[in-house]
Amino acid sequence: MGRRTALAVGLALLVAVPLIGGEGYFTHLAIVVLVFSILASSLNLLIGYTGLVSIAHAAFFGIGAYASGVVVARYKVPVWLGFCAAVALAALVAAALSLPSFRTRGIYYGIVTVAFQLISSEVFDNWYRVTGGGLGLKGIPRPAAVFQSKVWYYYLTLAFVLAVHFAIVRLTQSSFGLALMAIRDNETKALMLGLRPLRYKAAVFVIAAGFAGLAGSLYAHYIEYAHPDFFNFAVSIDVFLMVVLGGAGTLYGPPVGVLVVEFLREVLHGFAALRLIIFGTMLVLIILFLPQGVVPASVAWARRLRIARPVSPAPDTTSEPRRSAGVPR
Amino acid sequence: MTQVVANGLVNGAILALFALSVTIIFSILRVPNFGLGGVFVWGAFLAYVVVVQLRMNFVVGAAVALVGAALLGLVVERFAFRRLRTASEEAMFVSAIGVLIIMENAAYLVWGGDTYSMPVAGLDFRVSLGGLAFLPATRVMLLVVATCAFAGLHLLIRRSRMGKAMRAVAQDRVAASLLGIPIDRVAATTFALGSGMAGLAGALVGATFSFTFEIDGLSGLKAFVAVVLGGLGSVLGAIAGGFILGLIDSFTQTYLTSEYKQVVAFGMLILVLAIRPAGLFGERGFRADAPRP
């Protein structure tokens, strides 16, 4: 199956989902998966393509959700402006955070992102006048009457998801993307080549945060509610796991990770502690044994099987995973 | 005012103990062991089992917590970090986060979300500090035990043969292994030592305050704040960082805000990392490599 056929089949499946799900729970799940695929793929820009281990994506997700929710629910601003506000505020906060955080490297950067996640959670929890604190923010409307239908909201989300992923694909294929990967593989060498790693890191951090903000906005206007628990440390871990499980640094990996993690979240609904133990174990196991992620590993495995047989079509080299993909080791 | 300082010192002693356990593992093995947060809470619960459920002396409880946590540390080192010995810090960071989540939620599965406390027999009175401030005797005990632990650890690292091996590994792992120092054993001992300290800290906190399974997650990161404040890789820096953070916490809570006290602590972490990445007492070269000579 060629690349184009695969893409067409995938698209057809995505379009067909609400035809099967209707207004039921299945479509609801599909919308959540779509929203998280934006989160995972944008976090992948940081982890997979730039080598920045960030555990703060749920914070930007939440900043987007609250920004959009507050301006639309409280100040009756048009919803599309709310979406813009979400992206803008998340990007702005990321820009401000990138100033101190990129003076640090490696695990120090990771620690800064964890600290930022905890700070954000505390603000979501305690800033009653704006976020509603533990009571949550109620009354966030759907964008328009027609989107009261889950089917139509699904298509709205799908449009955004496709746009975001198209942007990410173009980004990774551009000279900007090449620069990011150069920085990931060897920052000193990239610097010697005349790139400015700090600027690239700050730029990609802002872009990823903007996408996360967009995801937050889509989520809040779908659930019509926002609560600190939707955007806490555990959610950051979920998104992180989605990326490294699927395969950091590959385009198809993170969405597959989203499917697996969402499936587990659904199955283990109501067993939060058990779920987190499983997720923690998965994190450790992946880092130890499968740092490149499940998708690249199974592609390589399938290819070996094919090569083992005498009569086989030539392996599709276009989808060759990069050797240095995965969590930087 | 004096009361605030006294409370701050008690909090600081806990943070310092915890920061110390973080810093020995980090400076010797370069493992950012967030999982210590989980060890910490298990230390508290182990002591609880011994003191409240088995009705034994608190000293026994603290000893059990220390040994149990050290064993836990051995297991964690063997299964979550040994294979990553030559991996990047990022990979170890991720593994550590995984360990933390596993231990925290395992504690929740076993103990539930209830709040526990353990009374220490014979220590239910208050100590007056010259009439200026009052501290429950348990908190005074905490200060004393923490000080003993600092001294013991210092002697162990400076004087013992294993301590010498640890310092060698911290300075240059490859050279150390070429000279025949058994890295695996040093790593295991370091983990046992650090985890034991964290377990002891857990037991002490359990005796001093009431606790839930959730005490660990935040205190784990706060220990990192203390470590970074004091300068990574510096033992004295970790202790000083712990006390400074404890005092700052105490003052913010009393005079500034109780809702946003983590914002202050973590905001400070980000600031310190940005302005003085080597920490307040760290040497200028971004990383001090060995426990301070």
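This is a conversation about how some descriptions of a predicted two-chain model are justified.

Colleague: What makes R55(B) exposed?

Modeller: A residue is called exposed if 12 or fewer other C-beta atoms lie within 10 Å of its own, and R55(B) has 8 of them within 10 Å, so it is exposed. Its place is in the loop between α2 (36-53) and α3 (58-81) of chain B, and its phi is positive, about 55°, although R55(B) is not a glycine.

Colleague: Why is a positive phi worth pointing out in such a residue?

Modeller: Because most residues other than glycine have a negative phi. Another case is E224(A), which is not a glycine and has a positive phi near 65°.

Colleague: Why is E224(A) called partly exposed?

Modeller: The count for E224(A) is 15 other C-beta atoms within 10 Å, and since the term exposed stops at 12 and the term buried starts at 20, E224(A) is therefore partly exposed. As for its place in the chain, E224(A) sits in the loop between α10 (197-223) and β2 (225-226) of chain A.

Colleague: How do you know that β1 and β2 of chain B are paired?

Modeller: Two strands count as a pair if at least two bridges are found between them, and 4 bridges join β1 (residues 126-129) to β2 (residues 133-136) of chain B, so the two are paired. They run antiparallel, and one of the residues with a partner is R126(B), whose bridge partner in β2(B) is P136(B). The hairpin of β1(B) and β2(B) has 3 residues between the strands, and G130(B) takes a positive phi near 60° in this hairpin.

Colleague: What makes chain B as compact as a globular protein of its length?

Modeller: The globule rule gives 19 Å for 293 residues, and the radius of gyration of chain B is 18 Å, which is close to that value, so the chain is as compact as a globular protein of that length. Along its principal axes, the C-alpha trace of chain B spans about 55 × 45 × 35 Å, and the chain contains 11 helices and 2 strands. Buried residues make up 55% of its 293 residues, and among its contacts with a separation of 6 or more, 77% are between residues 24 or more positions apart.

Colleague: Which residues have the most contacts inside the largest nonpolar core?

Modeller: That core has 202 residues, and those with the most contacts inside it are A90(A), A115(A), A16(B), L17(B), L20(B) and A47(B). Its largest share, 16 residues, comes from helix α1 (residues 2-29) of chain B. A16(B) touches, among others, A146(B), A226(B) and F243(B), leaving aside residues up to four places away in sequence.

Colleague: How many residues of each class are on the side of chain A that touches chain B?

Modeller: That side has 26 nonpolar, 6 polar and 3 charged residues, and the contact takes 35 residues from chain A and 35 residues from chain B. The largest share of the side of chain A, 13 residues, comes from α5(A).

Colleague: Why should some predicted coordinates not be read in detail?

Modeller: Because where pLDDT is low, the predicted coordinates should not be read in detail. In chain A, pLDDT stays under 50 over residues 314-323, for which the model has 10 contacts beyond four places in sequence. Chain A averages a pLDDT of 88, and 92% of its residues score at least 70.

Note on methods
Residues numbered from 1 in each chain as written. Chains lettered and ligands numbered in written order. Predicted model: local features only at pLDDT ≥ 70, side-chain atom pairs only at ≥ 80, totals over all residues. Core = buried A, V, L, I, M, F, W, Y, C linked by C-beta atoms within 7 Å. Contact = placed C-beta atoms within 7 Å. Rg over C-alpha atoms; globule rule 2.2 N^0.38 Å. Nonpolar A, V, L, I, M, F, W, Y, C, P; charged D, E, K, R; others polar. pLDDT = per-residue confidence, 0-100.
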